[in-house]
Amino acid sequence: IVRSADELVGDLNPPQAEAVQYRGPALLIGAGAGSGKTRVLTRRIAYILSQGGAWPSQILAITFTNKAAAEMRERLSALIGPVAQRMWVSTFHSACVRILRRDGKAIGLDSGFSIYDTADCERLVKLIAADLNIDVKRYTPRAILSRISDYKNNLEDWRTKLREQAPDYRPGQRGYRIGNPGNAEALYAIVYAEYQHRLAAANAVDFDDLIGRTVELLRADPNVAAYYRHKFRFILVDEYQDTNHAQYVLVRELAGVDSPDGQQAWITVVGDSDQSIYAFRGADIRNIQDFEQDFPNAKTIMLEQNYRSTQTILDAANAVIANNEGRKPKKLWTALGKGAPITGYAADNAQQEAAWIAGEIARLHAEEGTAYSDMAIMYRANAQSRSLEEALINAGLPYQLVGGTRFYERREIKDAIAYLQAIVNSADDVNMRRILNVPKRGLGARAEAIVAGYAEANAIPFYGAIERLDQIGDVPTRTANQLRGFRDLMAGLRAFAADPANKPSDIVAEVLSKSGLLDEMKRSEDPQDASRVENLSQLQSVAAEFEQNTPDATLAGFLETTALVADSDQLPSEGEDSGKVTLMTLHTAKGLEYPVVFLTGMEQGTFPHSRAMEDASELAEERRLAYVGITRAKRRLYVTRAAVRAQWGQANEMMPSQFLDEIPDGLIDWKRREAGVERMRAGWQGGFGDDDDEFGGWGDDDFGGGTTFGGSAYGSSSSYGSGSRSSFGGSSYGSGSSYGSGSRS
Ligand code: ATP
Ligand code: MG
């Protein structure tokens, strides 16, 4: 099915249609929320194909999440047919994996390279810190990693850093002791260099490297660069406001903007500088602001009609964002009419806030027939989900939580994946060392140190040292026997995996049984282990599903999907009714829309976040996050707050969010304006329970009056049964080639 041009632009407004059809080397579609940017981007691809402007293989489309990529491919399939399935529609990270797997050899990366997640990276930094004698109380692995990530997002090379800060250090140097240098910069430079050195030795990359090393590759190898410059005739990037410097350079390199041959690919970027919310991950708003200067002959098309929200919701969003300085004012309007007023509710505490929301959801469902899946609850930080979940469970309402501890971060899953990773890439020391004594087989820290010492002395991988066990000498007999057992286990598993007859799911099964992982848990009395067994069986199902959706499924390919999975991938795809209310952070909600949205925790210190309140630029970013939140709503928006919220196990009095004040008064219909604390201050007795709250479904006793509730309900870390949480279904994972990472981009 190839659609005609009329079909592809017929239902678009004039600037949208212009953007779809524009011919030129650089196009910026800048526009406010819900104005059809993503829709236009998709149509533009279909249009280019329908006009014979390019083959499907000549188009590179970048989305911010896997899920967005899958949806875009889905829509393209509907517009242009099954060729869409083979197109490069993915996140930056997935596209880079594909490039590095194919061509990474040129910069020393074997195609079977491992992708380390945050936990793996922390392990690696801890190993380095121990070897270099770094005080991890003063320089936490997290802080070090965040610094390394900053360097990478800005394409600051470790060699340069080292030359500037610690020219005497050689990566891989043995017996070096940093101690506590007065100069933290030198320490960071040394760890950065050592970290890259060990990643390279392990044939591994971290998430930031996926971008940075691809740029390195394109700059280092003219043939590879030329290949991609000729391959891609169109590069299109959604959510461009959240690209960092490395991603910006990547786009330039792929298009060949600075190459001697001149720009080859035409670039289209789409974004809204008011929705830039990833500065903490290096996103640089200037990428979009400077687009016209950065790309020769650039054209900008502004979209001003919003198709998503009512005028009331847009007025609120516009009023809030207007408080940010140095932005170009936008004229966003909608033809959808004024709509219902925003509903406000001030609760005495987080529990009451949650209970009120649950009551309102039940009411909307019963009285107005609103589907649960049409409602979403959003919050600033994951920790806020707890009271909301409790309220929904108490009310018997179905919900799905997006985010939180993800499947692939669970200990048992990470263990199983570590085996698979170690099978694919035996140089992967972090994963090899992780599984050495998992399940317990008498190979403790002493044994690990003996092997690591030999490996380091001979500059070989950890597993290489085990293979040469007989040469190590001075190994206690028992330890030697155990190491031999481990070596045989791994050799057996690698042989099994190398047999083309064995599919990824077979290999998972083999690993689970031969390693003893499954047995150890089945024997355990710990009730938690029962659910771990379930998770492991789930992993096998995920692998089986991956095989069904992927021609020529390989173990390495499967590992990729598990490495790049993101929070947003847990969401059901468009058109699929989950039958559940969705709970998620505001960051995860980017690009999405729901008929009914609850913005919760609208308090100073919660949202805006306490860290941001002292800093003008961070406050501006929080405000953009508020703008994102408000503009997710199509028909109805709720804003709620609690007068008291538990933080760090302490009950704190919370002032209303300044963002609430920034919404014009007439737009909000307050069901309850003042909460317990303020009401008591105002001389009212008796807490709440007055008839100003419309849904008086609870008595005073449920919540305790005023501020006098006990702290015990707060700050406890206990979690509830996984049964009540519909956290994920196997189907969200490993679905075909639709991997990539939103929250990590
Ligand atoms: P965001 O800034 O949140 O990413 P966006 O600018 O990408 O939003 P889309 O998600 O593409 O906007 O569109 C918002 C909604 O408006 C979608 O439901 C989309 O289908 C609808 N829409 C966009 N353009 C039109 C149009 N011309 N006619 C009808 N509906 C449209
Ligand atoms: Mg969009």
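Mentor: Let's start with a definition: an axis is a line fitted to C-alpha atoms, for helices over the stretch in contact, and an angle runs from 0 to 180 degrees between N-to-C directions. Keep in mind that this model is predicted.

Trainee: Okay, so at what angle do helix 8 and helix 9 cross?

Mentor: Roughly 145°, and the axes of helix 8 (residues 158-165) and helix 9 (residues 184-201) come within 9 Å. The crossing of these two is left-handed.

Trainee: What makes the contact between helix 8 and helix 9, residue by residue?

Mentor: On helix 8 you'll find Trp 158, Lys 161, Leu 162 and Gln 165. Helix 9 brings in Glu 185, Ala 186, Ala 189, Tyr 192, Ala 193 and Gln 196. Sorted by class, this contact of helix 8 with helix 9 has six nonpolar, two polar and two charged residues.

Trainee: Let's go to helix 2 and helix 3. Why are helix 2 and helix 3 called oblique to each other?

Mentor: Take the value first: helix 2 (residues 14-21) and helix 3 pack at about 45°, with their axes 8 Å apart. Now the cut-offs: under 35 degrees counts as roughly parallel, and 65 to 115 as roughly perpendicular. The angle fits neither class, and therefore helix 2 and helix 3 are oblique to each other.

Trainee: Which residues make that contact, and is the crossing left-handed or right-handed?

Mentor: The crossing of helix 2 and helix 3 is right-handed. Helix 2 uses Gln 16, Ala 19, Val 20 and Gln 21, and helix 3 answers with Val 40, Arg 43, Arg 44 and Tyr 47. By class, the contact of helix 2 with helix 3 splits into four nonpolar, two polar and two charged residues.

Trainee: What makes helix 18 and helix 26 oblique?

Mentor: Run the reasoning again: helix 18 (residues 411-424) and helix 26 (residues 527-549) pack at about 45°, axes 9 Å apart. That angle makes helix 18 oblique to helix 26. This crossing of helix 18 and helix 26 is right-handed. Glu 412, Ile 413 and Ala 416 of helix 18 meet Arg 532, Asn 535, Leu 536 and Leu 539 of helix 26.

Trainee: Now the sheet. Why do strand 3 and strand 8 count as edges?

Mentor: Look at the order: six strands form an open sheet, 3-2-6-7-1-8, with parallel pairing. Strand 3 (88-91) and strand 8 (298-303) each have a single partner strand, so one side of each has no neighbour in the sheet. On average, neighbouring strands of this sheet are turned by 15° against each other, ignoring direction.

Trainee: How do you know that strand 2 and strand 3 pair?

Mentor: Pairing takes at least two bridges. Strand 2 (residues 59-63) and strand 3 have four bridges, in the parallel sense, so they pass. One of the partnerships is Ala 61 with Val 89 in strand 3.

Trainee: Which helix touches strand 2 and strand 3?

Mentor: Helix 5 (residues 92-103) packs on the sheet there, and its direction makes about 120° with that of strand 3. Helix 2 lies across strand 1 (26-31) and strand 8, running at about 150° to strand 8.

Trainee: Which residues come nearest to ligand 1?

Mentor: Gly 36, Lys 37, Thr 38, Arg 39 and Tyr 307, out of 18 residues around ligand 1. Helix 3 (residues 37-50) gives the largest share of that shell, three residues. The shell around ligand 1 divides into four nonpolar, eight polar and six charged residues.

Trainee: Where are the cis peptide bonds before Pro 439 and Pro 608 placed?

Mentor: Pro 439 sits in the loop between helix 19 (429-435) and helix 20 (445-457), and the Val 438 to Pro 439 bond is cis, with omega near -5°. Pro 608 is in the loop between strand 15 (594-599) and helix 28 (616-630). There the Phe 607 to Pro 608 bond is cis, with omega near 10°.

Trainee: And what is the phi of Ala 459?

Mentor: Ala 459 has a positive phi of about 50°, although it isn't a glycine. You'll find Ala 459 in the loop between helix 20 and helix 21 (462-467).

Definitions and conventions: Residues are numbered from 1 along each chain as its sequence is written. Chains are lettered from A and ligands numbered from 1 in the order in which they are written. This is a predicted model: local features need pLDDT of at least 70, side-chain atom pairs count only at pLDDT 80 or more; totals for chains, interfaces and linings use all residues. A residue is near a molecule or strand if its C-beta atom, placed from the backbone, lies within 6 Å of it. Ala, Val, Leu, Ile, Met, Phe, Trp, Tyr, Cys and Pro count as nonpolar, Asp, Glu, Lys and Arg as charged, and the others, Gly among them, as polar. Angles under 35 degrees count as roughly parallel, over 145 as roughly antiparallel, 65 to 115 as roughly perpendicular and the rest as oblique. A crossing is left-handed if the near helix is turned anticlockwise from the far one by less than a right angle, and right-handed if clockwise. Two residues are in contact if their C-beta atoms, placed from the backbone, lie within 7 Å.
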